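Colleague: I should like to understand the reasoning behind the terms applied to this model. May I ask how each label is justified?
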Amino acid sequence: MGICLATTSGKGGTGKSTISCGLALAFSKLNKSVLLVDMDEGLRCLDLLLGVDEKIVFDLSDILNGTAIEDGIYSLPSNSHINVIPAPSSIGNISFEALAEFANKVKSSYDVVIFDFPAGLDFSLYSAIGDDVQFLTVCNPDPVSVRDATAVCASLPKTALDPRLIINRFDAEYIKKKIYNNIDDIIDISGFRLIGIVPQSKELMLLSVTHKTPTKSKAFKALYRIAKRLNGENVRLPKIKKI
Ligand SMILES: Nc1ncnc2c1ncn2[C@@H]1O[C@H](COP(=O)(O)OP(=O)(O)O)[C@@H](O)[C@H]1O
Ligand SMILES: [Mg+2]
């Protein structure tokens, strides 16, 4: 069976969509076929981050209303392992039953399916994806974001399979100077098990402009370690100052 991931966060802007794209790029380096499903109705962005925005004709709402799945999938010209389904351009177009049927079909066609959800504590659509979904909550190291992750942890569906935390936009200086909590405290406060730490990164920040896999960057190396862990490999966390 493949890997099925869903991003979550309390507040928006923690980096869920950026991390989803980065993980897709990392999984493709592991020779996995990846489908990214943009669930952010009305606020889609994965197409723009990956540079397929000008090709879009159909989106997820069309597929859920009967358009063939293949017609709404856009592959990256530079990397055919990575495929994107854009979110509907307006809200209220995703029905639970249609999503459940769609999720069931695509999970058997790709090695990895990543559902990139909007922020918030409404998990009503998550259970349509199935019980095999691995939740990835993305938080930043600041206290507001960590508090939001705690709220997500308390609110996730009880069926959730070992939900994990990704700390994104990490900067060791802030911890060294004791401005932010250290990693152990963030884990304790949030209530999650950690799966990885992604540093603050100019390359990731510029993804929507460059559309390039920043393979040499520390951020991509961190995403690659997370992809390997999700793939069942035992990969150690580097020393904090090397992240
Ligand atoms: N590791 C990172 N380093 C630098 N900028 C980042 C990083 N992760 C995300 N960003 C930036 O943060 C902003 C919000 O990211 P986005 O992925 O859209 O968040 P979300 O999907 O959670 O709303 C974007 O401008 C993005 O470029
Ligand atoms: Mg997003």
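Modeller: Certainly. Two strands are said to pair if DSSP finds at least two bridges between them. Please bear in mind that this is a predicted model.

Colleague: What makes strand 6 and strand 7 a pair?

Modeller: Strand 6, residues 134–139, is joined to strand 7 over four bridges, in the parallel sense. The cut-off is at least two bridges, so the term applies to strands 6 and 7 with their four. Within this pairing, Val-138 stands opposite Ile-166 of strand 7.

Colleague: How do you know that strand 7 and strand 8 pair?

Modeller: The test of at least two bridges is used again. Strand 8 covers residues 193–199, and six bridges join strand 7 to strand 8, so the two strands pair, and they run parallel. Here Asn-168 stands opposite Val-198 in strand 8.

Colleague: Which helix belongs to the β-α-β unit that contains strand 6 and strand 7, and what is the hand of that unit?

Modeller: Helix 5, residues 143–155, forms the unit together with strands 6 and 7, and the unit is right-handed. The term means that, with the strands pointing away from the viewer, the path from the first strand over the helix to the second runs clockwise.

Colleague: Why is strand 7 described as largely enclosed by the rest of the structure?

Modeller: Strand 7 spans residues 164–170, and six of its seven residues are buried, so the description follows.

Colleague: What makes Arg-169 buried and Asn-31 exposed?

Modeller: The number of other C-beta atoms within 10 Å decides: 20 or more for buried, 12 or fewer for exposed. Arg-169 has 23 and therefore counts as buried. Asn-31 has 8 and therefore counts as exposed.

Colleague: What is noted about the phi angles of Asn-31 and Arg-169?

Modeller: Asn-31 has a positive phi of about 65 degrees although it is not a glycine. Arg-169, likewise not a glycine, has a positive phi near 60 degrees. Asn-31 is placed in the loop between helix 1 (16–29) and strand 2 (34–38), whereas Arg-169 lies in strand 7.

Colleague: Which residues and elements surround ligand 1?

Modeller: The shell holds 17 residues, the closest being Gly-15, Lys-16, Ser-17, Thr-18 and Met-205. Helix 1, strand 7 and helix 8 (202–205) each give two or more residues to the shell. Helix 1 gives the most, with three.

Colleague: How do the residues of that shell divide by character?

Modeller: Five are nonpolar, 10 polar and two charged.

Technical notes: Residues numbered from 1 in each chain as written. Chains lettered and ligands numbered in written order. Predicted model: local features only at pLDDT ≥ 70, side-chain atom pairs only at ≥ 80, totals over all residues. Near = placed C-beta within 6 Å. Nonpolar A, V, L, I, M, F, W, Y, C, P; charged D, E, K, R; others polar.
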